[in-house]
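User: I'd like to go through this model with you and ask why certain labels apply. Could you set each value against its definition as we go?

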Amino acid sequence: MSTLDKLATVYSECVKAFEDRHAGGRDFQVREINEEGNPDDIIIAKGDNLEFMKYLLNKKDMGGRIQLVYADPPFYSKGKYEAVVTDGKEKIKVPAYDDKWTEGIEAYLKMICERLFYMKALAADTGYVCIHLDWHVVHYVKVLADEIFGRKNFLNEIIWAYKSGGSSKKSFARKHDTLLLYRITENNYFEPQKEKSYNRGLKPYRFKDVEEFEDEKGWYTLVNMKDVWEIDMVGRTSSERTGYATQKPEALLKRLITSCTRQGDICADFFSGSGVTAVAAKALDRRAVLCDIGETAIDIQRKRLAENNTGFIYFEEV
């Protein structure tokens, strides 16, 4: 069966699975409340994110209440990832997650597709689902996402460009990820951000009614932000660094959250890894819901929030 045939099969099976399993799901129980700050602002859940999303829909009446769902799933990279944690004075490597997918791309696409249906159900009419991937499967996932959210609701293919990582002698160096941004309805809330646009030759244009500025590089104007974002990865010496292998920078999430949400809105991350979405949301006076199945990810998130004096409620799957 070709990949195109598999996409059609995956989509039809996931439509049925969503309809059949919508009323089911396992329960989650509160295991801990960290009282620092306001714990109601942040929820951390350990368990299968599919079951947790069903729990939020069926038991917590969260349908249509999340303004931004940020999805940073495994990339179908065929790799195994670790985290570096501190045990006393010793730094040790521990497993973070496995991205092997021995059953092939069809199994991976089924995993993503079914979860996108739940993300859509949880998202607000004014809100978004943003899917963070790279070259491995982003094009296949976009075809599925177009069907789930509607092609007219696809807003941006955001390119996150960075310098870190290796290079190849047989191809151009792969130095970007792709964020697929979908709105839920045409009533989406959006606050455009500004960025510098340098004048040709770095000299002033002196056009009438055009405000210009000068910095150490030269003359520029301020324009609405474009869809190519150059943001550094979390380096080895960064104060943000948690040791989680695929940690994303706070600046990336802050830009997305600032543009797509308002103060007090809920942001969700159901592949929450290092917990960056919660940290960025809290810094911007938003709320956050996190879920991850990995013990290492959950330990890092709880520690990170505690060190930032951020309260949270911690759930575990029963």
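User: Which elements do the buried residues of helix 2 pack against?

Analyst: They pack against helix 1 (3–21), strand 1 (28–34), strand 2 (42–46), helix 3 (105–122), strand 14 (287–292) and strand 15 (312–317). Contact here means heavy atoms within 4.5 Å. Helices (H or I, at least four residues) and strands (E, at least two) are DSSP runs, numbered from the N terminus. Do keep in mind that this is a predicted model: local features need pLDDT of at least 70, side-chain atom pairs count only at pLDDT 80 or more, and totals for chains, interfaces and linings use all residues. Residues are numbered from 1 along each chain as its sequence is written, and side-chain values use heavy atoms, with hydrogens and water left out.

User: What makes helix 2 mostly covered?

Analyst: Nine of the ten residues in helix 2 (residues 49–58) are buried, where buried means under 20% relative accessible area, exposed over 50%, and partly exposed in between (1.4 Å probe, protein chains only). The buried ones are N49, L50, E51, F52, M53, K54, Y55, L56 and L57. At the start of helix 2, the backbone nitrogen of L50 has a side-chain oxygen of D48 within 2.9 Å.

User: Why is the pair D20 and K16 called a salt bridge?

Analyst: A salt bridge is a side-chain nitrogen of Lys or Arg within 4 Å of a carboxyl oxygen of Asp or Glu. For D20 and K16 the closest N and O atoms are 2.6 Å apart, so the pair qualifies. Both residues sit in helix 1, four residues apart, about one turn of the helix. An α-helix has 3.6 residues a turn, so residues three or four places apart point the same way.

User: Why is D20 called exposed?

Analyst: Its relative accessible area is 51%, so D20 falls in the exposed class.

User: What distance supports the salt bridge between K59 and D27?

Analyst: Their side chains meet at 2.5 Å, N to O. This pair links distant parts of the chain, 32 residues apart: K59 is in the loop between helix 2 and strand 3 (66–71), D27 in the loop between helix 1 and strand 1. K59 has a relative accessible area of 48%, so K59 is partly exposed; D27, at 37%, is partly exposed too.

User: How do you know that K196 and D215 form a salt bridge?

Analyst: Their closest N and O atoms are 2.9 Å apart. K196 belongs to strand 9 (residues 194–198), while D215 is 19 residues away in the loop between strand 10 (213–214) and strand 11 (219–224). K196 is partly exposed at 40%, whereas D215 is buried at 15%. Elsewhere, salt bridges that share partners join R26, E51, K54 and E317 into one network. The structure holds 19 salt bridges.

User: How do you know that the length of helix 4 agrees with its number of residues?

Analyst: The expected span of a helix is 1.5 Å times one less than its number of residues. For the twelve residues of helix 4 (residues 138–149) that gives 16 Å, and the end C-alpha atoms are 15 Å apart, so the two agree. V138, V141, L144, A145, D146, I148 and F149 are buried in helix 4, and what covers them includes helix 1, helix 3, strand 6 (123–133), strand 7 (154–161) and strand 8 (176–183). Following helix 4 is G150, whose phi is positive, near 95 degrees.

Note on methods: Polar contact = N/O pair within 3.5 Å; in protein donor to acceptor, adjacent residues only side chain to side chain.
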